[in-house]
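These are my notebook entries on one helix, what covers it, and two residues in a loop. I wrote them while looking through the structure.

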Amino acid sequence: MKKDDQLAKEIMKEVAGYLATGMVNLVNLLNPDIIILGGKVAYDNHFLLSQVKKLVFKQALAILTNKLEICSTSLRDDFRMIAAATIPLQEIFHFSISS
């Protein structure tokens, strides 16, 4: 996204609003510790990430966002394959990928 492209910024703000609405529902229902955004639109899109974070932390229940972390994936296009591979590995070897 170009820095001075106002139309792109408006579109990203609208996308962030819809995405944040869904994420607020997830936070209020499931109370996750982390939400990782993936895909071509979210990867390396700091503007979208900052807009989503701002909206989620404003709209979700405050007690549920104390430890919440929202970030984008650093795995590029491989995140789906890596995520799918960790499920059976966790079941077989009984390890956790969280710290």
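Entry 1, the cover. I looked up what lies over the buried residues of helix H1, and found that the cover includes strand S1 (34-37), helix H2 (46-59) and strand S2 (69-72). Helices (H or I, at least four residues) and strands (E, at least two) are DSSP runs, numbered from the N terminus. The model is predicted, so I note that local features need pLDDT of at least 70 and side-chain atom pairs count only at pLDDT 80 or more, while totals for chains, interfaces and linings use all residues. Residues are numbered from 1 along each chain as its sequence is written, and side-chain values use heavy atoms, with hydrogens and water left out.

Entry 2, the helix itself. H1 has 25 residues and spans 35 Å from its first C-alpha to its last, close to the 36 Å expected, where the expected span is 1.5 Å times one less than the number of residues. Its buried residues are Ala8, Met12, Ala16, Ala20, Met23, Val24 and Val27; buried means under 20% relative accessible area, exposed over 50%, and partly exposed in between (1.4 Å probe, protein chains only). An α-helix has 3.6 residues a turn, so residues three or four places apart point the same way.

Entry 3, the ends of H1. At the N-terminal end I found Asp5 as a cap, with a side-chain oxygen 3.3 Å from the backbone nitrogen of Leu7. After H1 comes Asn31, whose phi is positive, near 50°.

Entry 4, Val15. Is Val15, which is found in H1, buried or partly exposed? I noted it as partly exposed, because its relative accessible area is 32%.

Entry 5, the loop between H2 and S2. Thr65 lies in this loop, and I count Thr65 as buried because its relative accessible area is 9%. The side chain of Thr65 reaches the backbone oxygen of Ala62 at 3.0 Å. Leaving aside neighbours within four places in sequence, Thr65 is in contact (heavy atoms within 4.5 Å) with Val27, Val56, Phe57 and Ala60.

Entry 6, Ala60. Ala60 also lies in the loop between H2 and S2, and it counts as buried because its relative accessibility is 8%. With neighbours within four places in sequence again left aside, Ala60 is in contact with Val24, Val27, Asn28 and Thr65. I also looked up Ala60 and Ala20, which are 40 residues apart along the chain, and found their C-alpha atoms separated by 9.4 Å.

Definitions and conventions
Polar contact = N/O pair within 3.5 Å; in protein donor to acceptor, adjacent residues only side chain to side chain.
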